[in-house]
4 protein chains.
Amino acid sequence: MIDETTIAAANEAADATLRADYDALGEHLSRRGIDIAAIKDRVAAYGVAIPSWGVGTGGTRFARFPGEGEPANVFDKLDDCGVIHQLTGATPRVSLHIPWDDADPADLLAKAEETGLAFDAMNSNTFQDQPGQAHSYKYGSLSHTDAATRAQAVEHNLYCIELGQKIGSKALTIWVGDGSNFPGQSHFTKQFERYLGSAKEVYAGLPADWRLFTEHKMFEPAFYSTVVQDWGTNYMIAKELGAQAHCLVDLGHHAPNVNIEMIVARLIQFGKLGGFHFNDSKYGDDDLDTAAIDPYRLFLVFNELVDSEGTPDFDPAHMLDQSHNVTDPIESLMNSAMEVQRAYAQALLVDRSALAGHQEENDALMASETLKAAFRTDVTPILQMARRESGAAIDPVSAYRRSGYRAAVAQTRPKADGSGGGIV
Amino acid sequence: MIDETTIAAANEAADATLRADYDALGEHLSRRGIDIAAIKDRVAAYGVAIPSWGVGTGGTRFARFPGEGEPANVFDKLDDCGVIHQLTGATPRVSLHIPWDDADPADLLAKAEETGLAFDAMNSNTFQDQPGQAHSYKYGSLSHTDAATRAQAVEHNLYCIELGQKIGSKALTIWVGDGSNFPGQSHFTKQFERYLGSAKEVYAGLPADWRLFTEHKMFEPAFYSTVVQDWGTNYMIAKELGAQAHCLVDLGHHAPNVNIEMIVARLIQFGKLGGFHFNDSKYGDDDLDTAAIDPYRLFLVFNELVDSEGTPDFDPAHMLDQSHNVTDPIESLMNSAMEVQRAYAQALLVDRSALAGHQEENDALMASETLKAAFRTDVTPILQMARRESGAAIDPVSAYRRSGYRAAVAQTRPKADGSGGGIV
Amino acid sequence: MIDETTIAAANEAADATLRADYDALGEHLSRRGIDIAAIKDRVAAYGVAIPSWGVGTGGTRFARFPGEGEPANVFDKLDDCGVIHQLTGATPRVSLHIPWDDADPADLLAKAEETGLAFDAMNSNTFQDQPGQAHSYKYGSLSHTDAATRAQAVEHNLYCIELGQKIGSKALTIWVGDGSNFPGQSHFTKQFERYLGSAKEVYAGLPADWRLFTEHKMFEPAFYSTVVQDWGTNYMIAKELGAQAHCLVDLGHHAPNVNIEMIVARLIQFGKLGGFHFNDSKYGDDDLDTAAIDPYRLFLVFNELVDSEGTPDFDPAHMLDQSHNVTDPIESLMNSAMEVQRAYAQALLVDRSALAGHQEENDALMASETLKAAFRTDVTPILQMARRESGAAIDPVSAYRRSGYRAAVAQTRPKADGSGGGIV
Amino acid sequence: MIDETTIAAANEAADATLRADYDALGEHLSRRGIDIAAIKDRVAAYGVAIPSWGVGTGGTRFARFPGEGEPANVFDKLDDCGVIHQLTGATPRVSLHIPWDDADPADLLAKAEETGLAFDAMNSNTFQDQPGQAHSYKYGSLSHTDAATRAQAVEHNLYCIELGQKIGSKALTIWVGDGSNFPGQSHFTKQFERYLGSAKEVYAGLPADWRLFTEHKMFEPAFYSTVVQDWGTNYMIAKELGAQAHCLVDLGHHAPNVNIEMIVARLIQFGKLGGFHFNDSKYGDDDLDTAAIDPYRLFLVFNELVDSEGTPDFDPAHMLDQSHNVTDPIESLMNSAMEVQRAYAQALLVDRSALAGHQEENDALMASETLKAAFRTDVTPILQMARRESGAAIDPVSAYRRSGYRAAVAQTRPKADGSGGGIV
């Protein structure tokens with residue numbers, strides 16, 4: 001972890017500037033009838049989960065270029081996640097991926113306590129073969145034509161639940177790459193029936209207080225068809241499985257040009273929004289840093305979320321899911337967590353009463369301007385103040401760089417192997 | 001109509017060549033274990049509906065360039081449709097669009113009898129304002145914020161049903177352009193609730209032996225959001241409305257790269273495929289001639305349809321829906337009807353037993369080849385022989401051109417106005 | 001025009017708030033080492049041209065829903081454009097479209113003087129047929145297979161230059177819809193050779209101090225191929241024609257996912273960026289209000305422009321090109337002009353020295369953050385102050401609504417016809 | 001290699017059926033005025049190169065599932081390529097990738113002679129780091145900000161030329177992944193200038209009888225910008241470098257919906273088409289088997305190529321470039337080579353005189369039908385007869401499966417490691 005006094009000293013040095021910015025923003029918001037402190041408190045209470053695999057350097061099928069001091073195991077990963085939360089105060093939970101992060105539950109809990117973290121949704125992995133595995137997932141897992149392979153995949157998911165229960169997780173996330181690369185390779189309907197059959201077996205093993213999140217993706221690793229290819233199919237799954245099943249939305253898993261915020265609204269309306277894998281995308285499942293490409297789109301998603309706050313049983317899970325190919329993963333995750341907070345803060349500023357009026361009157365221009373007025377507001381001082389007050393860093397990236405954390409762990413962690421492509 | 005003796009003479013002249021081609025194909029198919037006559041009979045029994053508006057020249061928002069002898073009213077349109085059916089034997093039904101085609105039911109029935117046609121699904125129009133209309137659809141119709149506007153749109157749909165009942169139609173197709181051009185302009189959920197409310201009122205007016213088809217479209221005329229934007233939303237609509245409600249699939253209404261045949265399979269699996277608007281597309285809702293751009297995609301759709309033949313209550317409606325901007329609409333519709341027949345014939349040739357085996361074995365290459373073997377077969381002689389035997393033309397376009405039909409109607413029909421954009 | 005005292009009164013009422021916001025921003029920017037007054041002066045000097053056709057209500061091929069008081073002719077349009085410039089101070093020039101705006105040059109100049117406007121690039125129209133036109137553009141214009149049709153299109157462009165010279169324009173913009181709807185319809189190479197031949201004839205008629213702008217577009221009105229389909233082809237045109245020929249970039253004319261700011265950079269690098277048609281797009285050539293969908297993309301374009309300021313002979317033309325289907329066009333154009341100014345102001349705030357350092361060091365995260373820091377800054381007070389000081393309105397939309405201008409012109413202008421699709 | 005007598009026996013067994021099909025097709029083509037033997041001879045003379053890396057199982061960033069008997073080195077790969085050529089007679093050349101295939105030139109030449117193959121274009125690799133490499137390509141290679149890294153990449157390309165000269169290659173293909181993942185990360189213009197500078201150094205080392213092929217790609221491995229992102233930039237490169245530089249077109253490297261055959265036509269027109277990487281794509285650089293997804297698109301590309309035959313200096317290189325994730329790579333490459341032949345044969349059947357007439361007359365429907373008539377023709381018997389006569393297999397996949405080749409090499413080759421992602 002980073003030395004607290006270093007953080008405090010940096011915060012102290014930045015304090016006057018922050019106060020000036022915060023006060024000026026407070027006055028400006030006050031003129032708009034908004035209480036800055038109320039916004040700040042809601043932002044301070046907001047958290048987004050970190051994916052354990054996100055702290056390693058990502059890659060593509062062409063190459064992976066590891067950085068210094070890459071985490072070698074789940075405990076290293078939790079250390080890195082602890083630093084992220086320490087500096088941002090915005091990432092209280094970590095989501096594990098099994099078998100990558102498989103370990104003794106007691107050890108996991110101990111490390112979590114040490115790093116000040118809790119465990120978010122468990123992620124199963126049936127898109128790769130593991131050494132010694134009886135049946136290959138080359139041609140699918142939960143939807144494989146072979147019953148034994150499907151059973152193995154179901155079993156793995158049940159194991160993830162079992163492990164998750166021991167460490168305080170309350171959800172299982174299933175993403176599979178099952179699909180096909182050729183027209184004709186798979187019978188669409190039989191394949192989906194097999195998927196549903198397997199998913200029902202997993203669902204049957206779900207504890208009463210757990211949720212099951214299924215995630216759609218348009219393509220990759222399958223390049224002609226994917227069994228859970230869009231939100232329509234994913235919605236059917238959640239309906240077939242039952243009340244504990246919900247749909248996960250990853251911002252990069254859609255067809256080009258698709259209106260994602262509208263999908264979010266539809267899933268909320270029908271009670272099936274499970275949560276998010278936040279990232280950003282220009283071409284496909286690029287897994288870029290959240291809001292790096294289209295910050296207004298992220299805001300529009302949060303506009304839907306804030307609009308639905310207070311809906312009964314509305315409690316979507318928020319997680320980052322990114323591939324950090326050219327940055328220090330800790331820095332990217334800190335920044336992305338702050339971008340998610342930023343979008344949330346901006347969405348809180350929307351004058352919803354005015355917006356509703358413009359919508360009712362079909363005053364498209366003023367409706368658009370109402371959203372834009374919130375989006376344009378630079379809420380940085382609110383985020384900074386929320387961190388300042390919780391003991392996190394006003395400027396996390398700067399504090400992290402000054403801390404020497406990366407160089408320190410590079411001394412003790414083994415040098416990562418750059419061969420092969422990158423898996424994220 | 002075209003003089004029958006002209007058709008017969010042309011057929012006679014082409015007969016020897018057709019026999020040679022047909023016999024050679026018959027022998028080839030026989031070596032593959034397929035009875036050509038059985039395929040021919042199924043093709044002969046197949047029909048696709050013509051949209052009444054398709055016989056007029058289409059256009060874009062930039063311009064419309066009318067051709068000679070454009071139909072001036074629904075009776076002219078039925079004449080043109082009659083010619084298409086006479087020459088192809090493949091288009092026994094016409095789908096009307098109201099109010100464009102509104103007329104005395106008795107006159108419509110008389111004209112249908114004269115032209116040898118029947119009436120397919122009725123299409124309502126609440127995406128345009130009509131002269132004297134009380135409420136404008138500028139900001140929506142079935143989902144408008146204003147209750148009176150919604151009521152007017154519902155009323156119009158009920159009128160379409162009423163008229164349809166008098167002329168033997170058994171289905172209503174609803175497509176609306178309702179949506180928004182700005183983030184914030186419409187509240188997604190409230191808008192969709194209003195849509196559902198209105199649609200339920202229409203559904204309540206549906207006769208017991210009718211079906212309701214709703215059609216999704218990604219964009220245009222709305223350019224930020226569309227209330228029925230994809231098959232997922234459309235499926236929700238069909239579920240909410242009831243057993244008589246089904247989803248229509250237009251091949252150009254999807255996001256880029258989307259796997260359309262998979263959507264078809266999903267809708268079949270869940271009992272909600274209503275039918276098709278056939279056309280082709282390279283960029284968006286281009287409404288190009290069917291199979292002009294990607295004939296293999298059309299084949300893959302028909303592969304799903306043939307695979308599902310025999311499923312209880314499986315009876316999708318088949319209709320063309322194209323915009324003919326640079327061709328004689330009669331020629332394009334004849335050609336497109338034959339392309340649909342071609343894809344059907346090819347799909348009938350798929351060795352489904354072999355395919356199922358390859359799928360079970362995950363033999364992707366041979367599965368793909370099994371489809372390709374059917375697609376590659378030039379079934380032209382089968383289509384020609386089916387026409388020959390029913391008295392239609394072996395070569396409809398050639399027969400049409402020789403008939404002088406277009407020049408003849410150009411003498412009597414008023415010259416079309418080229419101003420304004422083209423509506424299709 | 002709007003009564004100046006109304007504007008002044010509204011400005012007076014908003015003055016205190018503006019001062020407070022402007023001063024707070026000034027102090028904040030000062031802490032970042034930026035002089036707010038210098039930014040404000042550059043914004044105040046910035047102008048974007050208005051397309052004459054933008055003040056009419058747009059539409060789609062499906063419908064056009066006209067608003068109240070639509071301009072009936074070019075003089076009405078200039079009145080509306082005058083109001084836009086009066087209230088925003090940001091739109092000093094109007095771009096005419098011929099023959100839509102054809103009129104006596106003396107009358108045009110008189111009206112321009114009356115409304116305080118000048119004339120920007122001339123736009124020719126060979127994508128529509130005009131009454132009495134000898135040769136139709138149904139199958140193309142500058143690239144038509146028929147020499148007489150090409151000659152007619154060339155002649156029209158030369159006429160546009162001639163008229164433009166009389167009213168002080170210094171550029172001709174050519175956009176054609178020439179292309180094809182079927183594979184095989186046009187021979188790509190011969191078609192492009194014909195285009196180049198015609199374009200050279202137009203170029204030969206260009207005065208020495210004029211520029212020729214050609215504009216690419218991926219699709220629509222042609223739906224299989226378009227002769228000037230992308231910037232690569234457009235660049236070839238500009239190279240073939242000569243030093244006065246440059247490429248125009250419309251933000252909605254690209255393939256999905258394309259990196260537009262990179263195209264801008266390439267054209268600048270090779271000396272061929274002619275200018276812009278600003279608007280926004282989610283699906284295709286949606287012609288939505290500038291920055292309505294993706295404000296960060298607009299900023300990234302301006303980041304390239306500001307980065308290249310000072311390059312010899314670098315003088316791109318800036319124009320809006322939008323279709324206003326659901327808003328009052330005057331309001332949309334005012335707002336869009338301000339959005340363009342906003343992006344310019346934000347781009348001026350980029351710390352280019354820091355950015356260059358991060359780029360050199362491959363510090364991707366800090367490079368991204370450097371752009372974001374500029375984009376996040378709410379520059380509204382800078383824009384408002386620039387307007388305030390020039391006598392324009394602090395809040396143009398509010399001032400316009402209060403002025404009653406639309407209702408007033410609706411009294412005198414003929415009611416627009418809603419039939420047909422909308423042409424923009 | 002496969003035992004020749006096995007091939008001969010299988011051919012003998014299929015001979016009667018082939019004769020019947022070939023004769024029937026010959027008669028049919030004769031009725032269309034086409035000499036089947038002439039087509040067959042041209043098909044027989046046609047060859048497409050195999051990428052050495054294509055004979056290994058591909059993968060994605062998520063996983064790679066190796067098959068049995070994967071080639072362990074370049075000599076194994078050449079054995080596999082030899083089998084492909086033996087059975088299809090269509091793949092006389094292999095394209096090497098350095099350093100993956102680096103070996104003693106004498107050994108390479110000996111193996112080539114043994115397998116009946118020659119060497120096609122050399123491929124350099126500066127998108128991965130190799131063990132012991134002085135400078136990392138994490139942030140780019142030919143366009144890296146660091147001069148020493150660029151020099152290292154240039155040096156590697158010169159080495160590839162040197163090696164290629166020793167084994168009879170006549171071309172170097174450069175594809176780099178250089179780009180950026182964040183707006184701001186790279187300065188577009190400086191980056192491209194660095195690329196051009198490095199490329200000029202490589203070009204300077206090109207022997208007089210060599211060609212340099214550069215290849216564009218829209219995205220991946222870079223996800224915000226790519227330095228050679230489209231054919232426009234690639235064309236600029238070829239122009240800047242000189243007469244020996246040409247552009248390579250990979251069918252999966254374009255933006256969604258792009259008209260690829262038109263790009264091919266443009267590059268031919270301006271003398272810069274270098275050749276192809278054939279494969280098929282539904283979503284992005286999917287690297288699926290050629291013609292697996294859209295066979296008509298491949299035909300339209302070949303339609304351009306056949307149309308340009310005879311143009312001086314027109315000699316594009318043809319190569320497959322695919323990733324075989326779920327099939328036996330040898331089977332996929334055989335099939336794909338035959339698909340390329342098929343498209344060539346179909347394009348040879350186009351009635352170009354009739355087509356030119358329809359184009360001149362703007363008879364879009366008949367122009368489209370003229371292409372379709374050629375495409376619909378099942379040319380399988382022509383391809384089979386060409387193989388039969390050259391001693392290759394009538395049915396290569398069947399012969400290969402019966403040969404037991406894969407099982408045999410699996411005995412001697414080391415078992416492949418499935419860890420890491422797949423690189424293709």
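Strand β12 of chain B is covered on both of its faces: Ala317(B) and Met319(B) on one side, and His318(B) and Leu320(B) on the other, are all buried. That is how things look in this model, which is a predicted one. The partner of β12(B) is β11(B), and the two pair in the parallel sense over four bridges. Within this pairing, Phe278(B) sits opposite Leu320(B) of β12(B). To get from β11(B) to β12(B), the chain passes through α9(B), and the resulting β-α-β crossover is right-handed. Helix α9 of chain B, residues 295-308, lies across β11 and β12 of chain B and runs at about 155° to β11(B).

Stepping back to the whole sheet, chain B lines up seven strands in the order β3-β5-β6-β8-β10-β11-β12, giving an open sheet with parallel pairing. The edges belong to β3 (97-98) and β12 (317-320) of chain B; each has a single partner strand, so one side of each is left without a neighbour in the sheet. For β12(B), then, there is a free side within the sheet, while both faces are covered.

Further in, β8 (residues 211-215) and β10 (residues 245-250) of chain B also pair in the parallel sense, over four bridges. Here Glu215(B) stands opposite Leu248(B) in β10(B). Helix α8 of chain B, residues 260-269, packs on the sheet as well, touching β10 and β11 (273-278) of chain B, and its direction makes about 155° with that of β11(B).

Over in chain D, Ser52(D) is worth a look. This residue lies in the loop between β1 (50-51) and α3 (74-88) of chain D. Buried means under 20% relative accessible area, so Ser52(D), at 1% relative accessibility, counts as buried. Its side chain makes a polar contact with the side chain of Asp101(D), at 2.3 Å. Setting aside neighbours within four places in sequence, Ser52(D) is in contact with Asp101(D) and also with Lys77(D), Val94(D), Ser95(D), Leu96(D) and His97(D).

Finally, the relation between copies. A turn of 180° with a shift of 0.0 Å along the axis lays chain A on chain B with an RMSD of 0.0 Å. The two copies are thus related as by a two-fold rotation axis. Among the residues of chain A, the one that comes closest to the rotation axis is Gly232(A), whose C-alpha is at 2.0 Å. As for the interface, 100% of the interface residues of chain A are also interface residues in chain B, so the copies meet through the same surface.

Technical notes: Residues numbered from 1 in each chain as written. Chains lettered and ligands numbered in written order. Predicted model: local features only at pLDDT ≥ 70, side-chain atom pairs only at ≥ 80, totals over all residues. Heavy atoms only, no water. Pairing = 2+ DSSP bridges. Contact = heavy atoms within 4.5 Å. Axes fitted to C-alpha atoms, helices over the stretch in contact; angles between N-to-C directions. Buried < 20%, exposed > 50% of the residue type's maximum accessible area, 1.4 Å probe, protein only. Right-handed = clockwise from strand over helix to strand, strands pointing away. Polar contact = N/O pair within 3.5 Å; in protein donor to acceptor, adjacent residues only side chain to side chain. Least-squares fit on C-alpha atoms with pLDDT ≥ 70 in both.
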